[in-house]
Amino acid sequence: MLRISLFLLVAFHTAQSLLICSFNVRSFGEAKRTRPEIMDIIVKIISRCDIMLLMEIKDSGHRLCPFLLEKLNGYSREPYRYVVSNRLGRKSYKEQYAFFYRLKMVSVKQTYQYPDLQPGDEDALSREPFVIWFSSPKTVAKEFVIIPLHTTPEMSVREIDELYDVYLDVKQHWASKNFIFMGDFNAGCGYVAKKHWKNIRLRNHTQFVWLIGDNCDTTVKASTRCPYDRIVLHGDKLINAVVANSATIFDFQSAFSMTEEQALAVSDHFPVEFRLRTARRPPRSRARRPSHVVQQIQ
């Protein structure tokens, strides 16, 4: 009886929630666009999510996102839209951020390309965040800002710390109290050693909650174990709206019965994700910062 009750509770929260995901698709460009077996997996991965951040898009011809949207809307029962950044990066190497989102659940209020022009600290970010302010009328937190970041591995400590300046800048532009920072931070293994966390303000300020812990593995290769991809929250209403134990890594290799070689053809990263409640909190629980969220970083 207890197992049935727990199953029904999990099913209820899954149905009454908004799934927010982040995925580095590794060199996502023309070569992958022309391979149907890869695109089919990417479409299936995105279709699980109500909001999906895609990174490492390399599309100088501006054909990938329209093509992906067509495939996604042909597969999904509910329509999606997308917003995509300009091509970002230093010198000739460029990438784009893109957000695909389910129209039934959310809409885009505003977009903002962070200029990365802090006096004395200009051009600190390799791919400055393309920031989106979402309206989410069905969730407990009715609006939230998502700040994406794909760091250069060797500069991860500096770039993750720089997210605090991005946060301060966005706060001056928009009247939001709910912030989600997510992406491929390269936040682990040799790029961010344990001793470096003291230099990262987003980690040291207690109002920021890290959902993907340091012991997680967001990489596809069996030979690696690194928590590169992260999700960080700010704002009590947003934090209290997180569905318990929903922050996780989506292992598409296992989900779609793929070999490691097949999975690596899609990406060397697994997506990370979490859920926001759309239903009221059960009567016995109290509106406070959930302990399961705080414990993720210990």
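1. Let's start with how the chain meets itself. Among contacts between residues at least 6 apart in sequence, 72% join residues at least 24 apart. Please keep in mind as you read that this is a predicted model.

2. Next, the overall make-up. Along the chain you can find 10 helices and 12 strands. How many of its residues count as buried? Of the 298 residues, 53% do. The chain exposes about 14,100 Å², and carbon and sulfur atoms supply 52% of that area.

3. Now for the cysteines. A disulfide is a covalent bond between the sulfur atoms of two cysteines. Searching the whole structure turns up two disulfides. If you number the bonded cysteines in sequence order, the pairing reads 1-2, 3-4.

4. Take the link between Cys21 and Cys49. Their sulfur atoms are 2.0 Å apart, and the angle about the S-S bond is -95°, a left-handed link. Where do the two partners sit? Cys21 is in strand S1 (residues 17-28), while Cys49 is in the loop between helix H3 (36-47) and strand S2 (51-57). The pair links distant parts of the chain, 28 residues apart. Are Cys21 and Cys49 buried or exposed? Both are buried.

5. The other disulfide joins Cys189 to Cys226, with 1.9 Å from S to S. This link is left-handed too, at -100° about the S-S bond. Cys189 lies in the loop between strand S8 (179-184) and helix H6 (201-204), and Cys226 lies in the loop between strand S9 (208-210) and strand S10 (229-234), so the bond ties together parts that are 37 residues apart in sequence.

6. Look at the surroundings of that pair as well. Why does Cys189 count as partly exposed? Because its relative accessibility is 37%, and the partly exposed class covers values between the 20% and 50% cut-offs. Cys226, at 5% relative accessibility, counts as buried, since buried means under 20%.

7. Two further cysteines are worth a glance. Cys65 has a relative accessible area of 5%, so Cys65 is buried. Cys216 has a relative accessible area of 23%, so Cys216 is partly exposed.

8. Turn now to empty space. Rolling a probe the size of a water molecule over the atoms shows where such space is left. The second largest pocket holds about 220 Å³. Which residues are closest to its centre? Of the 14 that line this pocket, they are Asn186, Thr219, Tyr228, Asp268 and His269. The lining as a whole divides into three nonpolar, six polar and five charged residues.

9. Finally, pick out Trp133 in your viewer. You will find Trp133 in strand S6 (residues 130-135). With a relative accessible area of 8%, Trp133 falls under the 20% cut-off and is therefore buried.

10. What does Trp133 touch, once residues up to four places away in sequence are left out? Its contacts include the run Ser107, Val108, Lys109 and Gln110. Trp133 also touches Glu143, Phe144 and Val145, along with Trp174, Ala175 and Ser176. Ser107 is a good one to check for yourself: Trp133 and Ser107 are 26 residues apart along the chain, and their C-alpha atoms are separated by 8.7 Å.

Technical notes:
Residues are numbered from 1 along each chain as its sequence is written. This is a predicted model: local features need pLDDT of at least 70, side-chain atom pairs count only at pLDDT 80 or more; totals for chains, interfaces and linings use all residues. Side-chain values use heavy atoms; hydrogens and water are left out. Helices (H or I, at least four residues) and strands (E, at least two) are DSSP runs, numbered from the N terminus. Buried means under 20% relative accessible area, exposed over 50%, partly exposed in between (1.4 Å probe, protein chains only). Contact means heavy atoms within 4.5 Å. Accessible areas come from the Shrake-Rupley method with a 1.4 Å probe; for residues, only the protein chains shown count as cover. A disulfide is a pair of cysteine sulfur atoms within 2.5 Å. On a 1 Å grid over the protein atoms alone, a cavity is a set of points where a 1.4 Å probe fits but cannot get out, and a pocket is an open set with protein on both sides within 12 Å along at least five of seven lines; lining residues have an atom within 4 Å of a point. Grid points are joined across faces, edges and corners, and a volume is the space filled by probe spheres set on the points. Ala, Val, Leu, Ile, Met, Phe, Trp, Tyr, Cys and Pro count as nonpolar, Asp, Glu, Lys and Arg as charged, and the others, Gly among them, as polar.
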